[in-house]
Each structure stands twice: as structure tokens, then as C-alpha cells.
Amino acid sequence: MAQFRAKKLDLGCFVNIMNIRDHTKRKVFEAHEPERQALRYTIRNTSLPQRTRAQAQLQLSQMHCYTRPTQIRNRCIMGGKGRGVFREFRMARYQFRLNALAGNIPGVKKASW
């Protein structure tokens, strides 16, 4: 959503619309996470009145979808791919292989036995 997108992006990776959208989702999720946790705690607290819990549930369901953790997807920082991405390196398999063979990733070398 353009309403959440920052004027200046602090992306240090390949820029395409999917990476920009994922970056925006991460920022929005980070900003709204404490509020979501408070609402979830209120919903699960059985000692509170049912009306309060229902209002909290309504507020949580009306929050924007970018505030959900399920919207975040690990993407390759080199090519923007969304599948086959190593979490530790944030690179797709092919980009990881190219960078590892070129010696650009410290501590990674081709196995031989």
C-alpha cells in the first residue's frame, strides 16, 4: 500500500516492486506489533468481561493486513526471488552458489571429500 511506503527507502538490495512491498510490510509489522500483542492478550484473557474481549477482537480484525506476521516473506536480496531462499544469507539458491564460488560470502566454501 502506498500509504505505508516510506518516501526514502533504506533498501540495501535489488530493487523491484516485490522487494519494496516486502520491505514495507516488514516496517508496518514492526510498528504495529506491540498493539497487536496487547489486543491478542486482551482477547485471550478470560478474566475480562466478554464485551471488552469482543471489542478487542473487532479492533484486531479491522487492522490492516500488512500488520500480520504471515504477510512477511523471505526474499532474495540479490534478485528478489521469493522461493528457494536461505534465511541465514537472504539469498536464493542460485545467487548463493554464485557468491559462494566467487568467495563473496565469508566462511563458505565448496565442499570436497
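1. Arg26 is partly exposed in this predicted model, with a relative accessible area of 27%. The side chain of Arg26 meets that of Asp22 in a salt bridge, with a distance of 3.0 Å from N to O. Asp22, by contrast, is buried, at a relative accessible area of 6%. The cut-off for a buried residue is under 20% relative accessible area, so Asp22 falls under it, whereas Arg26, at 27%, belongs to the partly exposed class.

2. Where do Arg26 and Asp22 lie with respect to each other in helix α1? They are four residues apart in this helix, which comprises residues 17-44, and this spacing separates them by about one helical turn. The count of salt bridges comes to one.

3. The protein chain as a whole contains three helices and two strands. Along the sequence these elements follow the pattern α-α-β-β-α. The reader may wish to trace this order in the structure before turning to the points below.

4. Of the 113 residues in the protein chain, 27% are buried. The chain exposes about 8600 Å², and carbon and sulfur atoms supply 52% of that area. Among the contacts with a separation of 6 or more, 40% are accounted for by residues 24 or more positions apart.

5. How many aromatic pairs does a search of the whole structure find? The search finds two. One of them joins Phe86 and Phe96, whose ring centres are 5.0 Å apart and whose planes stand at 65°, so this pair is edge-to-face. The pair links distant parts of the chain, as Phe86 belongs to strand β1 (residues 85-86) and Phe96 to helix α3 (residues 93-102), with their positions 10 residues apart. Phe86 is partly exposed, with a relative accessible area of 34%, while Phe96 counts as buried at 16% relative accessibility.

6. Phe96 also pairs with Phe89: the ring centres are 4.8 Å apart and the planes are at 45°, so the pair is tilted. The angle decides the class here, because planes over 60 degrees apart count as edge-to-face, those under 30 degrees as stacked and the rest as tilted. Phe89 is partly exposed, at a relative accessible area of 30%. Together, Phe86, Phe89 and Phe96 form one aromatic cluster.

7. Which residues of α3 are buried? They are Phe96, Asn99 and Ala100. Viewed down the axis of α3, the buried residues fall within an arc of 100°, so they line one face of the helix. These buried residues pack against β1 and β2, the latter covering residues 91-92. Phe96 is thus both a buried residue of α3 and a member of the aromatic cluster.

8. The face of α3 turned away from its buried side carries exposed residues, namely Tyr94, Arg97, Leu101 and Ala102. The two neighbours Ala100 and Leu101 illustrate the contrast: Ala100 is among the buried residues, whereas Leu101 is among the exposed ones. Just after α3, Gly103 takes a positive phi of about 80°.

Notes
Residues are numbered from 1 along each chain as its sequence is written. This is a predicted model: local features need pLDDT of at least 70, side-chain atom pairs count only at pLDDT 80 or more; totals for chains, interfaces and linings use all residues. Side-chain values use heavy atoms; hydrogens and water are left out. Buried means under 20% relative accessible area, exposed over 50%, partly exposed in between (1.4 Å probe, protein chains only). Contact means heavy atoms within 4.5 Å. Accessible areas come from the Shrake-Rupley method with a 1.4 Å probe; for residues, only the protein chains shown count as cover. A salt bridge is a side-chain nitrogen of Lys or Arg within 4 Å of a carboxyl oxygen of Asp or Glu. Rings of Phe, Tyr and Trp (its six-membered ring) pair if their centres lie within 6.5 Å; planes under 30 degrees apart count as stacked, over 60 as edge-to-face and the rest as tilted. The arc is that of the directions from the helix axis to the C-beta atoms.
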